[in-house]
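Colleague: I would like to learn how to read a model of this kind, feature by feature. Where should we begin?

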Amino acid sequence: MTATDWEHAIDQLAAMRCDGVQFIGGEPCLHPALPRLIAHARTRGLGSVEVFSNLTHVPDHLWECFVAHRVDLATSYYSDQAHEHDAVTARRGSHKRTRANIARAQELGLNLRGGTVVVNDHQRAAQAHADLRTLGVTQLGADRMRAFGRGTSTPPTVNDLCGHCAQHKCAIGPDGSVWPCVLSRFITVGNVHSQPLADIWTGPALAAARAEITSTCGTAAGAQSCTPPQFLPMCGPCSPCVPSVGHCDPRAATTAPTTALPSTGHPQTR
């Protein structure tokens, strides 16, 4: 996808009355066209523009862009201890840089969400949330490790999705592929290079994927909806919670979950 391709996708989302857009990766702050795409999303009237970043490398021109266009930020924070956080990211010094940039975002008055993915039973997840609170972060989320990406070598399946996929959201990949959400990259329902996004959104491939996910995970208001992945802002009905502290996973919980979904039936995209 070229920058022009991404702008065309944003144009289509605006025409579909999309509620918002999130730039995620990979690492979106490394994409040279990110400021251009943020500005374009704003000019097209998208209500929410969020950048999900590890916040280890944010040059000054991006901070200026974030402030100018009222960009929301989100990041992952694995521990209050540098060695434990760095072990998860496999990048020495990442904790120091991420923490410093969280503090800078707060100083600039930017809205920021912090989330923790619990990757082992001894992880200092609760302490990570406490540390984020000392930095002024009030929007906190958490999730368990799922069978996607670098977190596991297990082939992904529908069983490990949270059930919110294709419910008011979809994701567009760097080759134009469209997925039900950013985690369900193993389910391709179309490509913006060959189909209008509106046709993909209302088409049979996405409907079939949505039906399969619903039959496996339950409806968006059902069994798995109280622990959606922490990087999806419209999926978080019960934060702050940390899966390693108390019962957060619905498969272990004894009370019925509640959920909060967007107020419209129009998609958000990641």
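Modeller: We can begin with strand pairing. The model is predicted. In it, β4 and strand β5 (residues 139-144) run parallel and are joined by six bridges. One pair in this ladder is Arg113 with Gln139 of β5. Between the two strands the chain passes through helix α6 (residues 125-134), and this β-α-β crossover from β4 to β5 is right-handed.

Colleague: Which other strand is joined to β4, and by how many bridges?

Modeller: Strand β3 (residues 72-76) is joined to β4 by four bridges, and these two also run parallel. Within β4, Gly115 has Ser76 opposite.

Colleague: How should I read the two faces of a strand?

Modeller: In a regular strand, side chains alternate between the two faces of the sheet. For β4, one side carries Leu112, Gly114, Thr116 and Val118, and the other carries Arg113, Gly115 and Val117; both sides are covered, with every one of these residues buried.

Colleague: Why is strand β4 described as largely enclosed by the rest of the structure?

Modeller: Strand β4 (residues 112-118) is largely enclosed because seven of its seven residues are buried.

Colleague: Now helices. What is the general idea there?

Modeller: An α-helix has 3.6 residues a turn, so residues three or four places apart point the same way. Take helix α1 (residues 3-15): its buried residues are Ala3, Trp6, Glu7, Ala9, Ile10, Gln12, Leu13 and Ala14. Its 13 residues reach 18 Å from first C-alpha to last, close to the 18 Å expected at 1.5 Å a residue.

Colleague: Which residues of helix α2 are buried, and what covers them?

Modeller: In α2 (residues 34-43), Leu34, Leu37, Ile38, His40, Ala41 and Arg42 are buried. Their cover includes α1, β1 (20-23), β2 (48-52) and α3 (60-68).

Colleague: Arg36 is in helix α2 too. Is Arg36 buried, exposed or partly exposed?

Modeller: Arg36 has a relative accessible area of 41%, so it is partly exposed. Apart from neighbours within four places in sequence, Arg36 contacts Ala3, Thr4 and Glu7. Thr4 is 32 residues from Arg36 in sequence, with 9.9 Å between their C-alpha atoms.

Colleague: How do I treat unusual backbone angles?

Modeller: Most residues other than glycine have a negative phi, and most peptide bonds are trans. Leu55 is not a glycine, yet has a positive phi of about 55°. It is found in the loop between β2 and α3. With a relative accessible area of 1%, Leu55 is buried. Arg70, also not a glycine, has a positive phi of about 55°. It belongs to the loop between α3 and β3, and its 56% relative accessibility makes it exposed.

Colleague: Where do positive phi values follow helices α1 and α2?

Modeller: Arg17, just after α1, has a positive phi of about 60°. Gly45, just after α2, has one of about 85°.

Colleague: Which peptide bond is cis?

Modeller: The bond from Gly25 to Gly26 is cis, with omega near 5°. Gly26 is in the loop between β1 and α2.

Colleague: What does Ala166 contact beyond its sequence neighbours?

Modeller: Ala166 sits in the loop between β5 and β6 (169-172), and its relative accessibility of 2% counts as buried. Beyond four places in sequence, it is in contact with Pro180, Trp201, Leu206 and Arg210. Ala209 lies 43 residues from Ala166 in sequence, and the C-alpha to C-alpha distance is 8.1 Å.

Colleague: How do these pieces fit into the whole chain?

Modeller: The chain has eight helices and nine strands. Of its 270 residues, 52% count as buried. Among contacts with a separation of 6 or more, 67% are between residues 24 or more positions apart. The exposed area is about 12,000 Å², with 54% of it supplied by carbon and sulfur atoms.

Colleague: Where does pLDDT stay under 50?

Modeller: Where pLDDT is low, the predicted coordinates should not be read in detail. The chain average is 83, and 77% of the residues score at least 70. Residues 222-227 stay under 50, and the model gives them 30 contacts beyond four places in sequence. Residues 236-266 also stay under 50, with 67 such contacts.

Key
Residues are numbered from 1 along each chain as its sequence is written. This is a predicted model: local features need pLDDT of at least 70, side-chain atom pairs count only at pLDDT 80 or more; totals for chains, interfaces and linings use all residues. Side-chain values use heavy atoms; hydrogens and water are left out. The expected span of a helix is 1.5 Å times one less than its number of residues. Buried means under 20% relative accessible area, exposed over 50%, partly exposed in between (1.4 Å probe, protein chains only). Contact means heavy atoms within 4.5 Å. Accessible areas come from the Shrake-Rupley method with a 1.4 Å probe; for residues, only the protein chains shown count as cover. pLDDT is the predictor's confidence in each residue, from 0 to 100. Two strands pair if DSSP finds at least two bridges between them. A crossover is right-handed if, with the strands pointing away from the viewer, the path from the first strand over the helix to the second runs clockwise.
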